[in-house]
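Q: Please take a close look at one part of this model, the packing of neighbouring helices, and set out how the elements meet and how far the prediction supports the reading.

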Number of protein chains: 2
Amino acid sequence: MAGRENAGSRSGDVERAILEAARDLLAEKGLQGLSMRTVAERVGVSATAIYHYFENKEELVERVVQQGFLRFGEYIEQAMRAHSRGSLERVRAVGEAYLQFALENHAYFRVLFNLQRPHPHAIEDLPEGGGYGLLRQAVVDAMDSGAMRTVDPDLMVMYLWSLTHGLLMISLACQLEHCPEFRATPEARTPLEMFHAFGPLVREGVLGAAAATAGAAASDRAAGEE
Amino acid sequence: MAGRENAGSRSGDVERAILEAARDLLAEKGLQGLSMRTVAERVGVSATAIYHYFENKEELVERVVQQGFLRFGEYIEQAMRAHSRGSLERVRAVGEAYLQFALENHAYFRVLFNLQRPHPHAIEDLPEGGGYGLLRQAVVDAMDSGAMRTVDPDLMVMYLWSLTHGLLMISLACQLEHCPEFRATPEARTPLEMFHAFGPLVREGVLGAAAATAGAAASDRAAGEE
DNA sequence: CAATCGACTTAACGGCGTTAAGTTAACGGC
DNA sequence: GCCGTTAACTTAACGCCGTTAAGTCGATTG
């Protein structure tokens, strides 16, 4: 069998050890720091041994990310359960959980939404379609209950996803620190605080609840000026 | 002087040729396809010659991206000029121009918002702060004119930026094609169509213009249920 | 007991960014 | 007119990378 120095090695043990080492390296050093040789060194095998378990580096990383997202659906479902079905709060909780999970497990998101690779891992292969299905259900429920205006649910989901994902991407691109944007607004400095501060704008719009019709008319007038 | 085969080479010519070759390669093959050796081959010099003009690959790429963003501010300002100051349409036009420019020049955005590199190029070093200043001014004007509710301008800018940037990132991650999300909603298939479809949600909120106060009350009730 | 096969190993290839050292042509001062 | 300096390169090489080829070796099986 395999293990020489590692006495208690059973079948599948090496594969799991490779995945764990790759996971740790990804979290510690990022995708650049995850090389076949460094992974192999941690496990205690040669670099080429990895190719007995994974076709190439891409598949290894894909498996690591896939495993990292196993808790994702569960995480979001748990956040949803804290609020009643059909409530706006449940919809908001999905976005908050998305952001929170992504910030805590940002190494996986950095790989998944890496803009460099030619062939992206299928984002849709994730459990629950990357949370899309869960968010969509919460949105449909909220529309049915009257807590949310009735529009195309997929449009609403894309709107909410874009907003949350955009905030996430900006946060990750700015390395979660030293980003002057996040100091610009006195309250709401962290991504999560900012997400909460978006609340009134999302619910009532940029026109504002009271001035909704008046504001729309004013903007129409202003548009026709020039 | 430098050029042997290239007869008409003047001072600064090689540097410009390197930047152009790097720019073309970035657009054609992406960051992975841009190697010092391939750039050098296109220019007709050795790879190490590049190090006489740029400290390393990072600086070369940074310069390429910087040059690519020279037209960015101009592009956005032009889109703004088509709408009157203080109008919501002008604010919307900034977002639309951001999205449009990013999709047409996505190679630069893929580098700038690459989540892998350890030390990000300063996004703020871009002209106009990456459009942040322009958007902010349009937002302040819209608030002053009453076309937009008055809140912390930076909060409003982050909200609008996050929404647009998120849509952009999802579009780029899905490679602008074969992304099932973009087929989910029948009308609005392209990123720009989707951006326009967001309009009512952004202006009037997810509660809806008419049901604003009623919807808010309903959501509060629903939140307290569980 | 021999053949097979899984689970590895070492050696090597080509490509990468980068450094070191050498070459060559132009230029400025004496 | 020569000479040291310097800019603008060159070739060679280093160490890292992902990956492939070929070999080893113990356990399993006919």
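A: Two helices count as oblique when the angle between them falls outside the ranges set for the other classes: under 35 degrees for roughly parallel, over 145 for roughly antiparallel, and 65 to 115 for roughly perpendicular. The model under discussion is predicted.

In chain A, helix H1 (residues 13–33) packs against helix H2 (residues 36–43) at an angle of about 130°, and their axes lie 9 Å apart. H1(A) and H2(A) are therefore oblique to each other. The crossing in which H1(A) passes H2(A) is right-handed. On the side of H1(A), the contact is made by A:Val14, A:Ala17, A:Ile18, A:Ala21, A:Ala22, A:Asp24, A:Leu25, A:Glu28 and A:Gly33; H2(A) contributes A:Thr38, A:Val39, A:Arg42 and A:Val43. Sorted by class, the residues in the contact of H1(A) with H2(A) are eight nonpolar, two polar and three charged.

Confidence bears on this reading. The mean pLDDT of chain A is 84, and 75% of the residues score at least 70. Within chain A, confidence is highest in H2(A), at 98, and lowest in helix H11 (residues 212–225), at a mean of 45. Over residues 212–226 of chain A the pLDDT is below 50, and this stretch has 19 contacts in the model beyond near neighbours in sequence. Residues 1–8 of chain A likewise stay under 50 in pLDDT, with four contacts beyond four places in sequence.

In chain B, B:Gly33 is found in helix H1 (residues 13–33) of that chain. Leaving aside residues up to four places away in sequence, B:Gly33 touches B:Leu25 and B:Thr38. The C-alpha atom of B:Gly33 is separated by 9.6 Å from that of B:Ala22, eleven residues apart along the chain.

A further helix pair in chain B may be set beside the pair described above. Helix H8 (residues 153–173) of chain B and helix H10 (residues 191–204) of chain B pack at an angle of about 150°, with 11 Å between their axes. H8(B) and H10(B) are therefore roughly antiparallel to each other, and their crossing is right-handed. From H8(B), the contact draws on B:Tyr159, B:Leu160, B:Leu163, B:Thr164, B:Leu167 and B:Ser171; from H10(B), it draws on B:Pro191, B:Met194, B:Phe195, B:Phe198 and B:Val202. By class, the contact of H8(B) with H10(B) has nine nonpolar, two polar and no charged residues, whereas the contact of H1(A) with H2(A) has three charged residues.

Conventions. Residues numbered from 1 in each chain as written. Chains lettered and ligands numbered in written order. Predicted model: local features only at pLDDT ≥ 70, side-chain atom pairs only at ≥ 80, totals over all residues. Heavy atoms only, no water. Axes fitted to C-alpha atoms, helices over the stretch in contact; angles between N-to-C directions. Helix = DSSP H or I, 4+ residues; strand = E, 2+ residues; numbered from the N terminus. Left-handed = near helix turned anticlockwise from the far one by under 90°. Contact = heavy atoms within 4.5 Å. Nonpolar A, V, L, I, M, F, W, Y, C, P; charged D, E, K, R; others polar. pLDDT = per-residue confidence, 0-100.
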